[in-house]
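The following exercises are meant for a reader new to this structure. Please study the sequence and the model before turning to each solution.

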Amino acid sequence: MKKIGILTSGGDSPGMNAAIRAAVRQGKALGLTVIGINSGYEGCLTGDLEELGVKDVSGIIEEGGTILRSKRAPKFKEKRERTKAIRNLNQAGIDGVVVIGGDGTLRGAQALNREGVPTVGIPATIDNDVYGTDMTIGVDTALNTVVQSLDRIRTTASALERTFIVEVMGRNSGYIALMGGLSGGAEVILIPEVEYNLDEVAEEIYQGYKRGKQHMIVVVAEGIYDEGSAAHYVGQHLKEQIGFEIRVTVLGHMQRGGNPSAFDRGIASRLGAEAVKRLSNGESGTMMGLQGNEIKSVDYSDVLSQEKEIDMELYELAKTLSQ
Ligand code: F6P
């Protein structure tokens, strides 16, 4: 392998740049030509490519977002479009691609790999919903943002003895809500993986105030409700039920922004470098995953056929500690 491509696709996550930097510099250390593919899979279709050297990735380890830009690429699900992309990659002499992103991105990488372009994946999404890796790049930073936000919300909630409903991202996964709620000391956590009853939540809030709590913070995963804002839905119901003063905060895309944490920079550097080493050694069709403190190679077929589960012990712990 002489020339490799790198792309980021789907929702960006803090630490993607650190992964790009590691992949480029590891590639150069191995004597490879490294090509940045701009705007994710779209760049394969339009041929938006640029060569990247060691200096081009200088000063980006601390930056959120992605210097290669990203895009959601529903078109790439069509074989016809992928065939065009493969033709462009072949014409550019690209022998293999490092693909950085979440679940959907890895599906694209699997398809490319099956159809003749070797790929190795790196899991990067704030949702932490990718099977085969304990952590995805970006989730630690997002959790820090959630926890800082909860700390700020708590002071105003206490001052006015209010209940706050705080909505966090995660798509269909409750990981951010669970870990953000646990680490941020939320009184109630609602996630899609666990059935909930809003009348019971109302009772919990009422009992909390009766025990002398000055505030109640309910962290709600966006995925518990698919017909609009989960937090507004919960807030409306609780307002009608308990009559307490309720405020709703939707943290939204600020969870995807900001400088990556030390943890995210560290795993991004390790996963990025390992992906390039393996790709250049002839490995493909795999994702680099963090398991314990080791980097393991996991087949796309395993990654994409299994669901990452929520740790119910942590959910129970968060409940016990919220008294
Ligand atoms: O997958 C990352 C994520 O931030 C999800 O948590 C969220 O549901 C989604 O992307 C938002 O997507 P978009 O940026 O396209 O609005």
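Three exercises with worked solutions follow, and they concern a predicted model.

**Exercise 1.** Determine how the protein chain is divided into domains and how many residues of each are in contact with the other.

*Solution.* Step one is the division: domain 1 comprises 3-138 + 260-305, and domain 2 comprises 140-256. Step two concerns their separation: the centres of the two domains, taken over C-alpha atoms, are 34 Å apart. Step three turns to the contacts, where 14 residues of domain 1 meet twelve residues of domain 2.

**Exercise 2.** Identify the residues that surround the ligand, and explain where the ligand lies relative to domain 1 and domain 2.

*Solution.* First, list the shell: Arg72, Thr125, Ile126, Asp127, Met169, Gly170, Arg171, Glu222, His253 and Arg256 surround the ligand. Next, sort this shell by class, which gives two nonpolar, three polar and five charged residues. Finally, compare the shell with the domain bounds: domain 1 (3-138 + 260-305) and domain 2 (140-256) both contribute residues to it, so the ligand lies between them. As for pockets, the ligand sits in the largest one.

**Exercise 3.** Find the distances from oxygen atoms of the ligand to Arg72, Gly170 and Arg256, and state what percentage of the ligand's exposed area the protein buries.

*Solution.* Begin with the side chain of arginine 72, where an N or O atom is 3.0 Å from an oxygen atom of the ligand. For glycine 170 the partner is a polar backbone atom, 3.0 Å from a ligand oxygen. In arginine 256, a side-chain N or O atom lies 2.8 Å from an oxygen atom of the ligand. The last step concerns area: the ligand taken alone exposes 400 Å², and the protein buries 75% of that.

Notes: Residues numbered from 1 in each chain as written. Predicted model: local features only at pLDDT ≥ 70, side-chain atom pairs only at ≥ 80, totals over all residues. Heavy atoms only, no water. Near = heavy atom within 4 Å. Polar contact = N/O pair within 3.5 Å; in protein donor to acceptor, adjacent residues only side chain to side chain. Areas by Shrake-Rupley, 256 points an atom, 1.4 Å probe, with all protein chains shown as cover. 1 Å grid on protein atoms, 1.4 Å probe; cavity = no way out; pocket = protein on both sides within 12 Å on 5 of 7 lines; lining within 4 Å. Sits in = over half its atoms within 2 Å of the grid points. Nonpolar A, V, L, I, M, F, W, Y, C, P; charged D, E, K, R; others polar. Domains from an automatic or database assignment. Contact = heavy atoms within 4.5 Å.
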